Amino acid sequence: MVQIIKDVDELKTFLKAAGCKLVVVEFSAKWCGPCQRMYPLVHAMSLQYRNVMFANVDVDDSRVTLFSRLKRAICCNGSGFMGEPIFEFCGADAQKLEAKIRELM
């Protein structure tokens with residue numbers, strides 16, 4: 001199941017609850033065609049990969065600030081969430097996402 005994240009506190013709670021599990025966070029927008037196509041695919045993956053935690057952040061509806069990779073690493077390190085590398089990619093490529101999930105599991 002994909003958890004909807006509305007603010008930084010929800011994101012921190014989600015990441016803390018994940019513990020050592022792999023986390024996939026999809027940043028999307030309702031007006032974005034590729035995002036609309038990816039959402040059901042990500043939801044399907046969340047049902048298939050039960051040991052992976054999935055979340056969605058709507059960049060227009062949420063109050064989660066998008067950090068640069070460095071700022072996010074500093075923020076996560078200061079919050080105690082650092083420990084595993086952050087992998088990210090852009091674009092609506094479900095096959096690439098699933099391949100990365102399988103690789104990291």
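Start by selecting Arg102 and Glu98: these two side chains form a salt bridge, with the closest N and O atoms 3.3 Å apart. Keep in mind as you go that this is a predicted model. Both residues belong to helix H4 (residues 94-104), where they sit four residues apart, about one turn of the helix. Color by accessibility and Arg102 shows up as exposed, at a relative accessible area of 53%.

**Stay on helix H4**

Now add Glu103 and Lys100 to your selection. Their side chains also meet in a salt bridge, at 3.5 Å from N to O. The two are three residues apart in H4, so about one helical turn separates them. How exposed is each partner? Glu103 has a relative accessible area of 56%, which makes this residue exposed, whereas Lys100, at 24%, is partly exposed.

**From the helix to the sheet**

Show H4 as a cartoon together with its neighbors. The helix lies across S2 and S3, and runs at about 160 degrees to S2. Next, display the whole sheet: three strands make up an open sheet in the order S1-S3-S2, with parallel pairing. Which strands are at the edges? They are strand S1 (2-5) and S2, each of which pairs on one side only. Turn the view to look along the sheet and you can follow its twist, which averages 25 degrees from one strand to the next.

Zoom in on S2 and S3, which pair in the parallel sense over seven bridges. A handy spot to pick here is Ser28, which stands opposite Asp58 in S3.

**Into the loops**

From the strands, move on to Lys30 and Asp61. This pair forms a salt bridge too, and its closest N and O atoms are 2.4 Å apart. Where do the partners sit? Lys30 is in the loop between strand S2 (22-28) and helix H2 (33-48), while Asp61 is in the loop between strand S3 (52-58) and helix H3 (69-79), so the salt bridge ties together parts that are 31 residues apart in sequence. Switch on the surface to compare the partners: Lys30 counts as exposed, with 57% relative accessibility, and Asp61 is partly exposed, with a relative accessible area of 37%.

**Last view**

To finish, show the salt bridges together. With a cut-off of 4 Å between a side-chain nitrogen of Lys or Arg and a carboxyl oxygen of Asp or Glu, the count comes to three. Your selection should hold Arg102 with Glu98, Glu103 with Lys100, and Lys30 with Asp61.

Key:
Residues numbered from 1 in each chain as written. Predicted model: local features only at pLDDT ≥ 70, side-chain atom pairs only at ≥ 80, totals over all residues. Heavy atoms only, no water. Buried < 20%, exposed > 50% of the residue type's maximum accessible area, 1.4 Å probe, protein only. Pairing = 2+ DSSP bridges. Axes fitted to C-alpha atoms, helices over the stretch in contact; angles between N-to-C directions. Contact = heavy atoms within 4.5 Å.
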